[in-house]
Amino acid sequence: MVKKKIVVIGGGITGLSSTFYLKRELEKQRLDYELVLLEAGTRVGGKIETVRRDGYVIERGPDSFLRRKPEMQTLVQDLGLEDQLVENATGDNYVLAKQDLHAIPRGSIMGIPARYRPFLKSRLLSASGKLRVLGDLFLGKQQVNGEDMSLGAFLRARVGDEMVDNVLEPLMSGIYAGDLNEMSAEATGEHFLRLEREHGSLIKGIRAMYNKTTAKQASESTFLTLRDGLTTIVEALEKELSTKIVKKGKRVQKILKRARGYELTISNQEKLQADSIFIALPYHEIIPMFRENAVFEEIGEIPAASVASVGMIFPKDAIERDIKGSGFVVSRNEDFSMTACSWIHRKWPHTVPDDKILLRAFIGRRKEESIVDLADKAIEETVLNDLNRIMTINQAPEYTMVTRWRNSIPQYTVGHLQRKAAILDEFRQAYPGIFAGGASFDGVELSECVRQGKDGTALVLDYLEGLEI
């Protein structure tokens, strides 16, 4: 009997987790299917990449995952790594606005105040700005037509321009590197829409959420990582899957439908047959594989922003006027090139020797991406100039690491959910047995990517169960 063949394309966390769970299910159900993961590059892990040197643990990509979303933590447990989990140290987070650093008022969730006193005492907003925010309590439900709109337009209507510019936009941009005036409210602000729908007010909804979760939040940190960095997860996945399944340096150039399944053409003109395929790649890398199908171009693109991170190590006495929190985000209205900066030595003390400071600054976002192409030294100088406008750094960094992620942050612009549905529907109709997932489609946070990987596992197995060969 001919074996059914599964190909996963893309070795980021979505593709790796999908392959891992596929392997487990094949073993559990005793299914004699062939399984292979194809990765175009020389390493797997996608944006997860940890540098370990001289007692430091420095992340080039994400440095943690959200505790409240379970998928990544479950993956860690399934890999037997739960004893390596580390919680982030708590502390204030700041916004750089009005040429100064302001602590985000305590008792806020997603930037919206759940407690009035810290919010009213904050210098982040003017008196009129605060009154405008409180006006949300009396607006009632606004969204009734069900049409998508920009997240910026929705939030400005609820809490005003000053709150959006000084608090919400910097926080959201830190996740999506996007422009709130372009970002889809349905795709990136569903939690805000739900609060308005259920409570008729963002503040009322946040207060209800806060009162329900305060006790738990007091005892648990928001973020988790692994003691030796997130690459530990990638290494465990790669070991679990082995070189028999994971094939590096295999870029898929074309996918053609055949009498049975699909034929994949790989970079060295190698041909590979598959009965079902799960593609875990950025959207702009998927479309060329189906160049003969113009429908994908008609559906429209899912754009992506380019960003860079700059890790810098200093002696402990190099920075004067140090902040006491774990970092800050920058309002788009400020004349700064940085978009955010993390105090890694405070957020993750275990990653840095006691006598050192590790800062990690971020540059680049939608419509402000040219800076990412500057030389490493120019980027370092730009970041240092920005930092010295709000504090004093009296020494040059002992070590600098610049990492560029080009076209790496998908932009869920207005209408994203409709475009996503059209893309996946086209796969269902024209390419049965091919499925897609990952950050371009349904969430950029690590747990959201793992969730999509597990969803892909179920779709592939369900399809193959009904396939006669």
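1. Contact here means heavy atoms within 4.5 Å. The model is predicted. With that in mind, start at helix 6, residues 151–159, and helix 7, residues 161–176. From helix 6, Leu151, Leu155, Arg156 and Val159 make the contact. From helix 7, the partners are Asp161, Met163, Val164, Asp165, Leu168 and Met172. Sorted by class, this contact has seven nonpolar and three charged residues, and no polar ones.

2. Now the geometry of that pair. The axes of helix 6 and helix 7 come within 9 Å. They cross at roughly 135 degrees. Angles over 145 degrees would count as roughly antiparallel, and 65 to 115 as roughly perpendicular. Helix 6 and helix 7 are therefore oblique to each other. The crossing of helix 6 past helix 7 is right-handed.

3. Next, helix 1 against helix 18. Their axes lie 8 Å apart, and the packing angle is about 40 degrees. That angle makes helix 1 oblique to helix 18. Helix 1 passes helix 18 in a right-handed crossing.

4. Which residues join helix 1 to helix 18? Helix 1 brings Ile13, Thr14, Ser17, Ser18, Tyr21, Leu22, Glu25 and Leu26. Helix 18 answers with Leu446, Cys449, Val450, Gln452, Gly453, Lys454, Gly456, Thr457, Val460 and Leu461. The class count for this contact is nine nonpolar, seven polar and two charged residues.

5. Helix 18 also meets helix 2. Helix 2 covers residues 70–78, and helix 18 covers residues 446–465. Their axes come within 7 Å and cross at roughly 70 degrees. That makes helix 2 roughly perpendicular to helix 18. On the helix 2 side, Glu71, Met72, Thr74 and Leu75 make the contact. On the helix 18 side, it is Leu446, Ser447, Val450, Arg451 and Lys454. By class, the contact of helix 2 with helix 18 has four nonpolar, two polar and three charged residues. Look again at Leu446, Val450 and Lys454: they touch helix 2, and they also touch helix 1.

6. How many cavities of 30 Å³ or more does the structure hold? There are two. The largest cavity contains about 120 Å³ of space. Its lining has 14 residues. Val57, Glu59, Asp63, Trp348 and Thr351 lie nearest its centre. Strand 4 (56–59), strand 11 (223–226) and strand 21 (356–363) are the elements that give two or more residues to this lining. Strand 4 gives the most, with three residues. The lining divides into six nonpolar, four polar and four charged residues.

7. The second largest cavity holds about 60 Å³ of space. Its lining consists of Pro105, Ser108, Gly111, Phe119, Ser122, Leu124, Leu125, Lys130, Met163 and Val167. Six of these residues are nonpolar, three are polar and one is charged. Met163 links this point to the first one. It lines the second largest cavity, and it is also among the helix 7 residues that meet helix 6.

8. Last, an open feature. The second largest pocket has a volume of about 430 Å³. It is lined by 20 residues. Tyr33, Glu34, Leu35, Lys244 and Ile245 lie nearest the centre of this pocket. The elements that give two or more residues to the lining are strand 1 (5–9), helix 1 (13–28), strand 2 (34–39), helix 11 (231–245) and strand 15 (271–274). Helix 11 supplies the largest share, four residues. In class terms, the pocket lining has 10 nonpolar, two polar and eight charged residues. Helix 1 thus appears in two places: it gives residues to this pocket lining, and it packs against helix 18.

Methods: Residues are numbered from 1 along each chain as its sequence is written. This is a predicted model: local features need pLDDT of at least 70, side-chain atom pairs count only at pLDDT 80 or more; totals for chains, interfaces and linings use all residues. Side-chain values use heavy atoms; hydrogens and water are left out. Axes are lines fitted to C-alpha atoms, for helices over the stretch in contact, and angles run from 0 to 180 degrees between N-to-C directions. Angles under 35 degrees count as roughly parallel, over 145 as roughly antiparallel, 65 to 115 as roughly perpendicular and the rest as oblique. A crossing is left-handed if the near helix is turned anticlockwise from the far one by less than a right angle, and right-handed if clockwise. Ala, Val, Leu, Ile, Met, Phe, Trp, Tyr, Cys and Pro count as nonpolar, Asp, Glu, Lys and Arg as charged, and the others, Gly among them, as polar. On a 1 Å grid over the protein atoms alone, a cavity is a set of points where a 1.4 Å probe fits but cannot get out, and a pocket is an open set with protein on both sides within 12 Å along at least five of seven lines; lining residues have an atom within 4 Å of a point. Grid points are joined across faces, edges and corners, and a volume is the space filled by probe spheres set on the points.
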